[in-house]
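Trainee: Could you take me through one part of this model in detail, and then place that part within the chain as a whole?

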Amino acid sequence: MSSSTSVRTDDPPAVVLTGITKRFPGVVANSDVHLTVRRGEVHALCGENGAGKSTLMKILYGMQAADEGTIEVNGEQVRFRTPSDAIKAGIGMVHQHFMLADNLTVQENVVLGAEALHGIGQKARKRIIELSGSTGLNVDPGVLVEQLGVADRQRVEILKVLYRGAKVIILDEPTAVLVPQEVNELFDTVRGMQQQGYTFLFISHKLDEVRAIADSVTVIRRGTTVGSADPKTVSSRQLAEMMVGSELPSPETRESTVTDKVVLDVKGLKLMTPDGSRPILDDVDLVVRSGEVVGIAGVEGNGQTELVETIMGMRKAGSGTITLQDKDLTKLGTLARREAGIGYVPEDRHRHGLLLTQPLWYNRILGYQTRKPTANGIWLDPDGAKRDTERIVSEFDVRTPGIDVPAAALSGGNQQKLVVGRELSGNPVLLIASHPTRGVDVGAQALIWDEIKRARAAGLAVLLVSADLDELIGLSDTIKVMLRGRLVADADPNTVTPEDLGSAMTGAGSTSAAVQETAVVEEGEN
Amino acid sequence: MITTLEEKPHVPAAPRKRKVPGWAVGVLGVAGAIVLLSVTSYQTGFLQLTSSGTTQTAVRLALPILLAGLGGLWSERAGVVNIGLEGMMIMGTWGAAWAGYQWGPWAAVIAAVVFGALGGLLHAIATVSFGVNHIVSGVAINLLGAGLTKYLSTLIFQPLSHNPRQSPPVQPFETYSAAGLADWLGELEQGQRLIISDVAGILRGLVTGVSPLTMLTILLVPLSYYLLWRTRFGLRLRSVGENPHAADSLGVKVYFHKYVAVIVSGALAGLGGAALVLNAGQLSYLEGQTGGRGFIGLAAMIFGNWRPGGLLGGAALFGYADGLQLRSGGETVLALVYGVVLLLGVIVVWQLIRRRWFSAAAAIVVAVVLYLLYISLDEIPSEFVAYAPHMVTLAVLAVASQRLRMPAADGVVYRRG
């Protein structure tokens with residue numbers, strides 16, 4: 001299969017960036033970036049988190065102005081002051097974090113800002129339905145966006161761009177939120193649209209995907225372009241080395257350290273939606289043993305978040321028991337559960353893990369406000385907290401100018417290292433890690449993986465929830481698949497592939513011997 | 001190639017079943033309220049509950065609340081919490097009195113709108129351009145509105161009215177009544193027939209003594225709905241309140257829309273001030289005249305779930321409670337307590353049907369307490385009666401605020417970039 005037939009080399013390139021430089025106070029986000037995208041191709045832009053991909057795309061989309069350098073679109077030099085300038089030039093962007101208003105309908109989201117084209121009424125609706133076909137979106141334009149799943153939201157984003165008549169579409173990490181099957185559907189859509197003459201700029205750090213979809217690749221490292229490659233001939237390893245300058249870390253664990261000592265025992269856990277209409281967690285049984293990593297796989301919104309929050313006592317279970325080392329936690333509050341020996345890396349470190357405006361040592365106290373070394377009897381112990389924060393900063397390689405800076409001053413990876421370091425302090429017997437490496441750079445990811453492996457070898461029980469299937473397969477000793485609030489299948493991480501897991505996660509049924517369905521047949525749903 | 005996606009005929013999935021449409025809820029609500037009041041007045045013998053006089057007073061008192069609520073709606077739909085409505089309303093009352101005693105009622109209306117809009121502009125500059133916390137800025141505007149008008153009225157009104165707290169009297173609007181219709185409704189009202197007489201009394205109150213300001217205000221409700229929900233400008237304004245980053249990324253001028261919304265909000269609150277000054281009972285500026293109606297308007301908007309129709313219902317409820325206490329005093333307010341007991345009875349049955357045992361039990365307890373209150377008291381102490389609208393506000397918000405949906409980015413300071 002080759003899509004290069006549709007790439008027209010004689011026309012002027014769709015987009016040329018020359019010598020783009022962008023400085024922020026204290027940082028150079030982009031320096032002397034060069035990028036050429038030919039018309040009709042899928043051009044991938046690869047780089048680690050923090051390499052400057054997003055800044056570059058914001059410049060191309062007019063959200064930020066470059067300090068130096070020029071942009072050419074279809075051979076003409078342009079200057080974008082606002083996104084509308086970029087839209088007029090035929091450039092559209094699908095953001096990684098969806099730019100949708102949940103409480104507005106699909107139609108309202110699509111026509112917003114482009115009302116001049118077809119108004120906001122019936123004509124617009126007709127046009128949206130016409131365009132829906134090429135994006136594979138199959139919902140009524142009058143539906144509220146909050147009722148759509150992740151893949152459909154992404155289609156709405158693409159639809160927005162098409163509606164404005166964009167010919168060059170920037171996809172910013174489009175696969176980060178999708179399961180493998182959805183990724184394949186997205187790629188089908190992209191190839192179909194490429195046939196219709198659209199040009200794509202595909203931003204990713206997932207090298208397999210880049211090689212699967214792209215016609216050409218540009219690699220960016222520490223804010224500057226380090227080279228281009230032909231995805232047909234380059235290997236993932238070579239790309240990875242271009243990206244990070246060294247070998248990629250791997251989540252792989254070597255030998256099993258699983259013991260038969262049960263640490264966490266969850267029995268018959270049930271949780272209903274606040275209005276009591278349907279279960280979020282339905283009869284969940286779960287055992288985590290000392291030295292074992294149990295991974296929970298599932299499409300987001302199938303109850304993983306609620307499972308974790310129920311075990312932590314942040315939500316009140318309808319029925320069921322939670323036992324930690326023979327101690328019944330069911331009726332205890334969150335603090336008491338933490339004191340019983342649970343460490344918790346929350347999925348959203350900004351909402352639940354840190355106080356961003358407070359200094360690092362203050363954040364060290366959170367959740368440990370009753371225990372040494374951060375407390376002394378009923379009094380907090382700032383000196384102890386500061387000393388222990390220094391320890392975490394050096395042991396976990398938290399890159400910070402000092403422990404008195406606010407947490408917001410740290411990059412995502414360093415914030416996460418601080419959280420992981422804190423949660424592994426105080427000798428927990430169980431670590432609950434939700435998406436522990438989401439949105440962190442490769443270095444921090446490697447360190448966090450190493451720390452989890454080390455703690456596991458020392459007998460820690462780990463409950464791992466992650467959307468990164470490679471991470472899940474690499475770290476876990478057992479994988480359980482969660483679907484609509486139930487644990488529906490077990491998978492063996494030694495043999496299972498991300499694709500097998502993906503189909504189990506979407507409820508498509510197991511296609512592999514590595515995934516064994518455990519649940520009773522669901523009533524009328526399959 | 002893998003697939004060729006041509007423009008194939010595309011069948012969208014059926015839209016989700018719509019629940020009862022908004023207008024039907026409104027009609028049902030109004031019908032329910034009339035039946036409830038009718039039964040209450042029949043049971044307790046207080047015909048004032050649905051008399052045309054009460055209705056007329058209620059309409060007059062609901063106007064400022066409605067206008068303040070509409071002001072809150074505009075501002076909050078664009079994501080700016082406007083707790084400064086009270087202050088903007090006070091500025092409106094001063095402006096209305098200042099222009100009103102010199103050049104007549106229409107000048108009063110225009111001056112009130114301009115003064116309120118200035119307050120709105122100040123709030124917009126603080127919250128949108130400088131990113132001041134919306135509550136802080138709103139409270140500051142409330143203090144400023146009270147202080148500034150006090151200063152100005154001492155300066156300008158005192159030499160004329162010999163009272164630093166009051167303006168010279170303003171000239172009122174002429175009022176209009178549908179004479180023939182009102183007479184016929186009056187006969188029906190005298191008929192003492194359950195429901196029919198009550199409906200006639202309420203309608204008669206609505207068509208008697210209507211001022212141009214009343215008509216303008218009532219028109220502003222559908223107008224706001226049309227502008228905010230059916231035009232491109234409204235879509236942009238609401239998108240700014242739901243997700244300003246998304247709106248910005250689509251070329252919507254976030255700051256511009258917020259500015260417009262907050263200035264309109266202030267103008268509406270100022271108009272609410274004019275409605276107070278041009279109120280037949282007072283016809284002048286009085287210090288402390290607003291009496292928290294800006295806040296009650298905000299409460300009416302929250303009660304109405306940030307929608308114009310609901311907000312109209314909220315304003316009617318609060319205006320009615322206010323009108324009743326003003327017109328008939330403690331005894332009738334006590335009759336209203338009886339009405340609340342009846343309403344709670346209905347709620348209990350409904351909660352039992354839905355198997356919500358806890359809610360049902362809570363409603364029973366409250367109903368019993370209120371009923372005991374009703375049979376043990378002859379009238380509600382007059383000190384307390386004046387606070388009836390505030391108590392109703394409190395009770396309604398406590399019960400109704402559970403399932404409301406505010407604009408997603410309401411109160412969030414937006415910074416570009």
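Mentor: The part I would choose in this predicted model is an open sheet of chain A, in which four strands follow the order β12-β11-β14-β15 with antiparallel pairing. Its edges are formed by β12 (279-289) and β15 (327-328) of chain A, each of which pairs on one side only.

Within that order, the pairing of β11 with β14 can be followed down to residues: strand β11 (residues 262-272) of chain A and strand β14 (residues 319-324) of chain A run antiparallel and are joined by five bridges. One residue pair to look for there is L264(A), whose bridge partner in β14(A) is L324(A).

The sheet also has a helix against it, since α10 (residues 304-311) of chain A lies across β11, β12 and β14 of chain A. With respect to β12(A), helix α10 of chain A runs at about 65°.

As for the surroundings, chain A holds 18 helices and 23 strands, and its radius of gyration of 24 Å is close to the 24 Å that the globule rule gives for 526 residues, so chain A is as compact as a globular protein of that length. Taken along the principal axes, the box filled by the C-alpha atoms of chain A is roughly 70 × 55 × 45 Å. Of the 526 residues in chain A, 49% are buried. Finally, if one considers the contacts in chain A between residues at least 6 apart in sequence, 68% of them join residues at least 24 apart.

Technical notes. Residues are numbered from 1 along each chain as its sequence is written. Chains are lettered from A and ligands numbered from 1 in the order in which they are written. This is a predicted model: local features need pLDDT of at least 70, side-chain atom pairs count only at pLDDT 80 or more; totals for chains, interfaces and linings use all residues. Two strands pair if DSSP finds at least two bridges between them. Helices (H or I, at least four residues) and strands (E, at least two) are DSSP runs, numbered from the N terminus. Two residues are in contact if their C-beta atoms, placed from the backbone, lie within 7 Å. Axes are lines fitted to C-alpha atoms, for helices over the stretch in contact, and angles run from 0 to 180 degrees between N-to-C directions. The radius of gyration is taken over C-alpha atoms; the globule rule is 2.2 Å times the number of residues to the power 0.38. A residue is buried if 20 or more other C-beta atoms lie within 10 Å of its own, exposed if 12 or fewer, and partly exposed in between; C-beta atoms are placed from the backbone.
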